[in-house]
Amino acid sequence: MVLVTAGLTVGPAGADNATIFDDGGVVVDGHQHGGQRGHLDAGRRDVTLVGKAKVNNAREGIVSDVGVLGNYAYLGAYNSSPCEGGVYVMDIADLRRPRQVGFIAASPGSFVGEGVQPIRFRTPAFSGDVLSYSNELCAEATAPPAVGGATLVDVSDPLHPVVLANGFGAAEPGVTTRARTAHSTFMWQTGSGRNSKAYIVLPDSSTPMLPIFDITDPRHPVQVIDIDLTTVFPQILQTGVDLDTVFFHDVVVRKHGNRQLMLLSVWDAGYLVLDVTDPARPKYVADTDFTFPDPQLLETNGVALGPEGNGHYAEFMDNRKYILTTDEDFGPTRIRVVSDDGGDFRAVQAGSAQLPTGGSLAGTVIFVGLGCNAAPPEPAPATGGPYVALVERGGCAFTEMAANVESRGYAGTVVFNRTGPGNGCGALVTPSVEATKPFFFVNRLGGLSMVDAEAGYDEAACQTGSTQLPVPIGTTGDTVTLAATFDGWGYLHLYRNGTGKLRELDTYAVREGMDPAYASGFGDQTIHEVAASAQTSHLAYLSYYNAGFRVISVKGGKIKEVGSFIDEGGNNFWGVQVIQRHGREYVLASDRDFGLYILSYNGRR
C-alpha cells in the first residue's frame with residue numbers, strides 16, 4: 001500500500017463548525033449501522049451486488065465521494081475528527097474482488113468532501129491521468145499546514161501518485177495563508193491538439209462565488225474568474241419566501257454540441273445552467289425555482305408547506321431532455337418559532353436532543369451574549385421559567401456554546417446568525433454540535449426580533465458588518481414556542497430542460513422519507529447524488545444515504561422506481577458513478593461507513 005502526502009500552504013479554520021451542506025454533519029440518533037433501528041431492512045430488487053471492498057480504517061462517516069478511471073476507483077476520506085483526510089485508491093480490475101491498494105493523504109488539517117474526480121488529461125503542457133479533490137478544514141485545524149482550495153495529483157501510475165498542485169483556489173477575504181475552502185471540484189477539457197485546454201471549478205458550499213481556474217498546465221493553475229452568482233445572475237433568487245441561504249454547492253460540466261454547459265446547484269436558489277464555452281464569460285441559459293407548496297409533501301402527506309430549498313446536486317439525462325436534481329435535507333422536521341408579540345419564523349434544530357415530530361419547547365428568552373468559555377452565560381433565574389438562552393453566533397464552536405448554556409440551567413439554546421458575508425445575516429445554517437438539550441439556529445432578523453431589536457434591520461448593511469452585540473447581555477425577551485412539524489427528508493426533482501425558467505415535471509422520494517415514523521432511529525432517509533445511465537437513456541442511479549441504492553426510470557416526464565439495494569447491516573451511500581465493462585454497465589457507490597460497493601442493475605431496460 002502506497003502513501004503520498006500532499007502538504008504545501010497553510011491557514012486557519014472557522015470557529016463555529018457550521019456544516020451548511022450538512023453532509024453527514026449530524027447523524028440521526030447516532031444509529032448508523034448500529035443495530036436494526038439505525039437503518040432500513042436489508043433487501044434488493046433487480047440489483048446484483050458484484051463486489052465490495054472495505055477501506056483499511058473503516059468507521060462511521062469516514063468515506064465521502066467516489067470517482068473512477070480505468071481499473072481504479074478513488075474514494076474521498078471525510079475524516080474530519082480525527083483529522084485524516086485524503087483519497088483511498090481502490091483496484092477494481094476484478095469487479096468481483098475490489099481492494100484498497102493505496103492512500104493519498106491530504107495536507108494535515110484538511111479533509112476531502114465532494115468532487116473526487118479523475119480524468120484522462122491531454123493538453124500541450126501535460127499528458128496523463130489527473131485526479132482532483134477538494135480540501136475542507138477540520139475543526140481542530142486552527143494552524144498550519146491545513147490548506148483550502150483543491151489538489152491535483154498525477155495518477156498515471158495510481159500506485160505512485162505525484163502531487164502536481166496543492167491547495168490552490170480563490171482568495172478568502174481576510175485570509176492570506178490559504179485559499180478559500182473547496183467542497184467540490186469538477187474538471188473538463190476543450191479543444192484538441194495544440195488548442196486543447198483544461199479547466200476546473202471549485203464550489204465552496206458557503207458562498208455564492210463561482211471560481212474557475214485554467215489548469216491546462218496542472219502544475220500551475222491560473223484563476224480565470226471568481227464571480228458572485230447572485231450579482232451576475234440575480235434572476236436565480238427566490239426572494240421573500242424564506243429561501244435565503246444561497247451558496248454554490250456542487251457542479252457538473254457536460255459537452256452539448258459545440259458548447260460546454262455547466263449545471264450548478266445553488267442551494268436555496270435551486271439549479272442553474274450556464275454556457276461556459278468561454279469560461280471567462282459564463283452566459284445564462286436556464287434556472288429553476290422551487291415549487292410552492294412543496295410538491296412531494298403535498299402529494300404523499302397532503303400537507304401544504306413551502307419548500308425548504310437545499311439544492312444539492314444535478315445531472316442531465318436522456319440526451320439532455322431532462323435535468324434530475326437532488327435536494328439534500330437532513331432535517332425531517334421543520335421548526336416554527338412563534339413569539340408572544342406575534343413573531344412567526346423558521347428555525348433549524350441540531351444535535352442529538354432534537355424535538356420529535358409534534359414536540360415543542362416553550363420558554364422566556366434571555367440574551368446571554370456569545371456563550372463562550374471566555375465569557376460564559378450567567379445562570380438562568382432560579383424562579384419563573386423555563387428559560388431559553390439566546391446566543392449570538394461567533395467566537396467559539398457551537399458545542400462550546402451548548403455546554404455553557406446547558407450547565408447553567410437553561411432549557412435550550414437558540415443561536416442567531418452573525419453579521420458579515422459567507423452565510424451570515426439572513427442565512428439559516430445547520431450547526432455541527434454536541435448538545436444534550438434542544439439546540440436551534442435562526443437567522444439574524446429572527447434572533448433580533450426575540451429581544452425586540454429588529455427595528456431598522458437591513459440585510460445589505462448586515463453583510464458588511466462585524467459581529468456586534470445588539471442589546472445588553474442579560475436582556476429578557478419574548479416568550480417563545482418552538483414547535484416541530486414533520487416535513488420529510490430530501491428527495492429527487494425532475495425538470496424539463498430548456499431555456500429560462502425550467503418547468504418541474506415530477507418528484508420522487510423513498511416511502512420512508514415521507515413517513516413520520518422514520519423521522520428518527522433509522523438513519524438518514526435523504527437523497528444525495530444521481531448518475532445517469534450511459535447505456536439506457538431513461539435510467540438513472542441514486543445514492544440515498546441510509547435508504548440505500550435506488551434505480552429509477554424516467555418516461556413521459558414521470559419518475560418510477562425500478563430497482564433497489566440495501567445490504568445486510570444497512571448502507572450509507574454518498575456517491576455514485578457509472579462504468580462500462582465488456583458491454584455491461586456497472587455502478588460504483590461509496591458507502592460512508594464501509595468503502596466501495598460495485599452494483600449492477602439487472603431489471604428491465
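**Close-up of Ser205, a buried loop residue.** Ser205 has a relative accessible area of 1%, which puts it in the buried class (under 20% relative accessible area is buried, over 50% is exposed, anything in between is partly exposed; 1.4 Å probe, protein chains only). You'll find Ser205 in the loop between β15 (197-201) and β16 (209-214). Strands here are DSSP runs of E with at least two residues, helices are runs of H or I with at least four, and both are numbered from the N terminus. The backbone is worth a look too: phi of Ser205 is near 60 degrees, a positive value in a residue that isn't glycine. A quick word on what you're looking at: this is a predicted model, where local features need pLDDT of at least 70 and side-chain atom pairs count only at pLDDT 80 or more, while totals for chains, interfaces and linings use all residues. Residues are numbered from 1 along each chain as its sequence is written, and side-chain values use heavy atoms, with hydrogens and water left out.

**Close-up of Cys425, with positive phi in a residue other than glycine.** Phi of Cys425 is near 60 degrees, and the residue sits in the loop between β28 (412-416) and β29 (439-442). Its relative accessibility is 0%, so Cys425 counts as buried.

**Two cis peptide bonds, each leading into a proline.** One joins Phe292 to Pro293, with omega near -15 degrees. Pro293 is in the loop between β21 (283-287) and α2 (295-301). The other joins Gly385 and Pro386, with omega about 5 degrees. Pro386 belongs to the loop between β26 (360-369) and β27 (387-392).

**An open sheet of five strands.** Reading across, the order is β2-β37-β36-β35-β34, with antiparallel pairing (two strands pair if DSSP finds at least two bridges between them). β2 (43-45) and β34 (529-532) are the edge strands with a single partner each, so one side of each has no neighbour in the sheet. On average, neighbouring strands of this sheet are turned by 30 degrees against each other, direction ignored; the axes are lines fitted to C-alpha atoms, for helices over the stretch in contact, and angles run from 0 to 180 degrees between N-to-C directions. At the β34 edge, four bridges join β34 to the antiparallel strand β35 (residues 539-543), and Ala532 has Ala540 in β35 as its bridge partner. On the other edge strand, β2 holds Gly43, which is partly exposed at 34% relative accessibility. The C-alpha atoms of Gly43 and Tyr387 are 47 Å apart, with their positions 344 residues apart along the chain.

**Strands β6 and β7, an antiparallel pair.** Six bridges link β6 (residues 86-91) to β7, and Val89 has Gly102 in β7 as its bridge partner. β7 (residues 99-105) is mostly covered, with six of its seven residues buried.

**The two cavities of the structure.** The search of the whole structure turns up two cavities of 30 Å³ or more. On a 1 Å grid over the protein atoms alone, a cavity is a set of points where a 1.4 Å probe fits but cannot get out, whereas a pocket is an open set with protein on both sides within 12 Å along at least five of seven lines; lining residues have an atom within 4 Å of a point. Points are joined across faces, edges and corners, and a volume is the space filled by probe spheres set on them. The largest cavity holds about 90 Å³, and of its 14 lining residues the closest to the centre are Asp294, Glu308, Asp327, Asp329 and Tyr491. Its lining splits into five nonpolar, three polar and six charged residues (Ala, Val, Leu, Ile, Met, Phe, Trp, Tyr, Cys and Pro are nonpolar; Asp, Glu, Lys and Arg are charged; the others, Gly among them, are polar). The second largest cavity has about 40 Å³ of space, and its lining includes Gly149, Arg180, Asp204 and Pro211.

**The second largest pocket, at about 890 Å³.** This pocket is lined by 43 residues, and those closest to its centre are Phe186, Arg254, Glu315, Gln577 and Val578. Among the elements that give two or more residues to the lining are β14 (186-190), β18 (250-256), β22 (311-317), β34 and β38 (573-581). By class, the lining has 21 nonpolar, 13 polar and nine charged residues.
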